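Student: I have a chain to go through and would like to take it step by step. Can we work from the overall layout down to single residues?

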Amino acid sequence: MNAEEQIPGHSVISQWQPEPIRPLKLIEADVWRYMQGSFGPPGFVVIHDAVGREYRFGFDSFLFRLFAGAINERDEAAAWVDVRSPLLKEVTDLLRAAALANPDWSWLTRYVDRALLK
């Protein structure tokens, strides 16, 4: 990611931290109903790996970029996921599959589509 693509004040990651033990499973997905962004309310997901480690991701309230390490973009632990990274591909593929498997999470498809726009 070059300097003009970075968002000041936030780190950027491109790999799992720490690397998960697969398979991965989406265990929670929801939106912040009290907040409204340019595309709708920001959303978040919680993923567990095979040994129960928790990985948190979210979609920011303005551009719906994917961030990791938190469920709210204002959290200091939040780091933007590099749009060209294998991490982004793996997470978005998992979210698309979860959206197809669970009608309650169908909104994830829209959020993933928006996050992948550049």
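**Layout, core and two residues**

Tutor: The protein chain has two helices and six strands. The model is a predicted one.

Student: In what order do the elements of the protein chain run from the N terminus on?

Tutor: The count to place is six strands and two helices. Read from the N terminus, the order is β-β-β-β-β-β-α-α.

Student: Which element of the protein chain has the highest confidence, and which the lowest?

Tutor: For the protein chain the mean pLDDT is 86, and 84% of the residues reach 70 or more. Residues 1–6 stay under 50, and the model has eleven contacts for them beyond four places in sequence. Among the elements, the lowest mean is 91, in β1, and the highest is 97, in α1.

Student: How many bridges pair β3 with β4, and how many join β4 to β5?

Tutor: β3 and β4 are antiparallel, and Val46 stands opposite Arg56 in β4. β4 and β5 also run antiparallel, with Phe59 opposite Leu66 in β5. The pairing of β3 with β4 has six bridges, and that of β4 with β5 has three.

Student: Which residues in these two hairpins have a positive phi?

Tutor: The hairpin of β3 and β4 has five residues between its strands, and there Gly52 has a positive phi near 90°. In the hairpin of β4 and β5, six residues lie between the strands, and the turn residue with a positive phi, of about 60°, is Phe64.

Student: Which element gives the most residues to the largest nonpolar core?

Tutor: The largest nonpolar core has 29 residues, and Leu26, Phe57, Phe59 and Leu108 have the most contacts inside it. Two or more residues come from each of β2, β3, β4, β5, β6, α1 and α2. The element that gives the most, with seven residues, is α1.

Student: Which residues of α2 (107–115) does Phe59 touch, leaving out those up to four places away in sequence?

Tutor: Phe59 has contacts that include Phe64, Leu66, Phe67 and Leu95. The element α2 covers residues 107–115. Within that range, the residues touched by Phe59 are Leu108, Tyr111, Val112 and Ala115.

Student: Is Thr92 buried or exposed?

Tutor: Thr92 lies in helix α1, residues 86–101. A polar atom of the Thr92 side chain is 2.7 Å from the backbone oxygen of Leu88, and beyond four places in sequence Thr92 is in contact with Val112 and Leu116. The relative accessible area of Thr92 is 3%, and the cut-off for buried is under 20%, so Thr92 is buried.

Student: Is Pro23 buried or exposed?

Tutor: Pro23 is found in the loop between β1 and β2. Pro23 touches His48, Asp49 and Ala50, not counting residues up to four places away in sequence. Its relative accessible area is 62%, and the cut-off for exposed is over 50%, so Pro23 is exposed.

Student: What distance separates the C-alpha atoms of Pro23 and Val51?

Tutor: Pro23 and Val51 are 28 residues apart along the chain. The separation of their C-alpha atoms is 9.3 Å.

Student: What share of the residues of the protein chain count as buried?

Tutor: The protein chain exposes about 6600 Å², of which carbon and sulfur atoms supply 55%. Among its contacts with a separation of 6 or more, 52% are between residues 24 or more positions apart. Of its 118 residues, the share that count as buried is 47%.

Terms used:
Residues are numbered from 1 along each chain as its sequence is written. This is a predicted model: local features need pLDDT of at least 70, side-chain atom pairs count only at pLDDT 80 or more; totals for chains, interfaces and linings use all residues. Side-chain values use heavy atoms; hydrogens and water are left out. Buried means under 20% relative accessible area, exposed over 50%, partly exposed in between (1.4 Å probe, protein chains only). Contact means heavy atoms within 4.5 Å. A polar contact is a pair of N or O atoms within 3.5 Å; within protein, one must be able to donate a hydrogen and the other to accept it, and residues adjacent in sequence count only if both atoms are side-chain atoms. A nonpolar core is a set of buried Ala, Val, Leu, Ile, Met, Phe, Trp, Tyr and Cys residues joined through side-chain atoms within 4.5 Å. Accessible areas come from the Shrake-Rupley method with a 1.4 Å probe; for residues, only the protein chains shown count as cover. pLDDT is the predictor's confidence in each residue, from 0 to 100. Two strands pair if DSSP finds at least two bridges between them.
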